[in-house]
Amino acid sequence: MIKTEWYKNGVFYQIWPRSFKDGNGDGMGDLYGVISKLDYIKSLGVDGIWFSPLYPSPGVDCGYDISDYMDIDSAYGGMSAFRDLLDQAHSRGLKVIMDLVVNHTSDEHEWFQKSRRRIDPYTDYYIWRPGKKGGKLPNNWDSHFEGKAWQWDDVRGEYYLHLFAIKQPDLNMDNPLVRQEVVRILNFWLEMGVDGFREDVITFISKKEGLPSDRLMPATRGIRFYNNGPHIHEYLRQFRSEALDRFDCVTIGEAPLISPEKALDYIGGDQRDLDMMIQFQCMCANCFFIDYYPHPFSLRKLKKSFRTWQETLDGRGWNMLYLENHDHPRVVSRYGSERLRDKSAKALCCAYMFQKGTPFVYQGQELGMTNFKVTGLSDFEDVQTLNQFTWLPKGLRLKLLARASRDHARTPMQWDSGEHAGFSACEPWFHLNENYRRGINVESEESNPCSVLNFYRKAIALRKETGCVLSGVYREYKRRSRRHYIYAMESESESLLVVISFSKKTTRFTLPLAYQFRELTLRLSNYEKEPQGDVLRPYEARVYTVKQQSSR
Ligand code: NOJ
């Protein structure tokens with residue numbers, strides 16, 4: 001099958017199904033709801049949807065704990081609703097990609113139930129170990145969500161490995177039968193017409209033989225023995241040759257801690273394992289490694305992450321661009337300003353929308369949704385959040401979690417200012433952000449030409465009509481500035497120049513020399529009043545196009 005690389009011209013919209021739109025009045029989002037909003041999604045100018053998991057699941061990790069890979073959860077409308085969704089999306093020219101979660105399953109998956117009872121062929125589907133002398137765990141690895149990475153199972157009389165929650169046992173990908181299952185899953189959905197996969201923590205699926213104990217920092221103990229593990233490329237190639245290469249589809253691999261150089265091992269060259277990678281450096285401008293370890297927002301850190309990915313991948317690999325998804329708090333609250341929400345949401349849109357790669361917009365990001373006001377620990381629902389910092393005094397813990405919890409991205413989508421924000425006819429499964437009453441909702445933003453929503457539409461349209469975003473070369477100016485982010489996509493015939501202030505105050509800037517004597521056409525701005533020369537108002541963002549670049 002010839003791969004057309006259609007995704008390179010595209011923009012994706014991510015749906016986290018529980019909180020997008022309730023269509024059957026049970027308080028939880030579902031596919032009926034999504035179908036009713038396809039025209040809205042299309043109106044954004046996007047080309048495809050990535051769905052976080054829709055499969056049957058006990059919901060311990062909101063669907064990332066799968067109990068059947070070949071079905072759609074009845075709470076979302078089951079398989080018939082999914083087929084309908086697929087048809088209706090395709091008829092609007094929207095691609096549909098699924099989440100492939102095969103590092104682990106739910107412990108309620110039939111495979112695990114049979115594996116713990118040693119019923120063949122499932123006996124070695126998971127990573128079982130007897131434990132060491134004196135009742136010690138098989139090794140000292142930590143799980144990312146719930147304490148140590150091993151859980152004793154009375155039924156089998158052994159420990160199993162779980163890199164995430166206790167109810168998410170890791171699959172044994174070294175077992176050829178497990179890899180055959182993955183191939184079957186891929187073919188099943190691709191044959192149905194799905195256009196690709198976002199592959200959950202895919203760089204974790206191959207563990208080092210012997211599962212050695214680690215001496216590194218406690219929080220990530222073990223990770224160097226399973227991240228980019230020994231057989232990862234072999235396994236990904238098998239998935240390609242036995243399934244993915246038969247279809248004109250896209251794959252996006254989630255890759256914690258990956259550097260751009262390392263990413264090229266997966267996405268570089270012609271025989272690549274994956275098409276794009278979800279990196280985390282752009283999510284670390286206000287934290288160390290993961291959201292929970294805070295430091296103040298650093299524009300220079302953000303710019304550096306953008307720059308190194310743009311420069312390293314240029315001509316060698318394709319970037320996946322994002323500033324929000326279901327695993328991080330809202331970007332306005334993290335990198336912008338809630339007080340200057342409108343301006344900073346638009347500035348952040350410009351900060352990534354014109355880079356080379358495929359941008360993803362997360363539900364509600366296009367409205368400028370913000371974090372909700374946390375009042376107590378009982379406000380949280382997420383398994384990762386609830387297991388963080390359990391040893392800290394309550395007040396401090398609450399403060400840290402309120403800043404970093406993924407739950408901020410999971411409040412229901414704000415459709416209007418009426419009851420339950422138009423998300424549902426009854427009380428939603430999770431609390432709403434009360435600011436839906438204050439204009440942060442689709443209905444209000446539709447009717448305001450200057451809303452964040454309409455700004456996203458304009459930015460996506462401008463990205464698409466300006467060829468140099470895809471064909472040009474990324475160049476950053478004034479790299480050392482702590483307040484301004486200035487970058488351009490430069491091609492021989494045309495350039496696009498983006499000037500953004502991240503300051504809450506009015507500041508001055510100078511145009512890069514290369515643009516000082518050019519005719520700049522202002523194409524997009526987040527202020528209604530004309531720009532004032534070298535004065536940048538708080539969070540001002542301007543996007544210019546320039547015909548024929550200056551000779552340098
Ligand atoms: C990454 C997913 O994005 C996240 O939501 C999930 O909790 C973990 N992987 C475990 O599947």
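These legends go with close-up views of a predicted model.

**View 1. Who sits around the ligand.** Twelve names make up the cast here: Asp 61, Tyr 64, His 104, Phe 145, Phe 164, Arg 198, Asp 200, Glu 254, His 326, Asp 327, Arg 406 and Arg 410. Sort this shell by side-chain class and you get 7 charged residues, 3 nonpolar and 2 polar.

**View 2. Polar contacts to ligand oxygens.** Zoom in on Asp 327 and you'll find one of its polar side-chain atoms 2.4 Å from an oxygen of the ligand. Asp 61 also puts a polar side-chain atom by a ligand oxygen, at 2.5 Å. Arg 406 joins in too, with a polar side-chain atom 3.0 Å from an oxygen atom of the ligand. As for cover, the ligand on its own has 290 Å² of accessible area, and the protein takes care of 98% of that.

**View 3. Cys 284 and Cys 287.** The cysteine sulfur closest to that of Cys 284 belongs to Cys 287. The gap is 4.1 Å, so there's no bond here; a disulfide would need the two sulfurs within 2.5 Å. Cys 284 itself is buried, at 11% relative accessible area.

**View 4. Cys 350 and Cys 349.** Here the sulfur of Cys 350 has its closest cysteine sulfur in Cys 349, 5.2 Å away, which is too far for a bond. Cys 350 is buried as well, with a relative accessibility of 0%. Looking for a disulfide elsewhere won't help: searching the whole structure turns up 0 of them.

Definitions and conventions:
Residues numbered from 1 in each chain as written. Predicted model: local features only at pLDDT ≥ 70, side-chain atom pairs only at ≥ 80, totals over all residues. Heavy atoms only, no water. Buried < 20%, exposed > 50% of the residue type's maximum accessible area, 1.4 Å probe, protein only. Near = heavy atom within 4 Å. Polar contact = N/O pair within 3.5 Å; in protein donor to acceptor, adjacent residues only side chain to side chain. Areas by Shrake-Rupley, 256 points an atom, 1.4 Å probe, with all protein chains shown as cover. Nonpolar A, V, L, I, M, F, W, Y, C, P; charged D, E, K, R; others polar.
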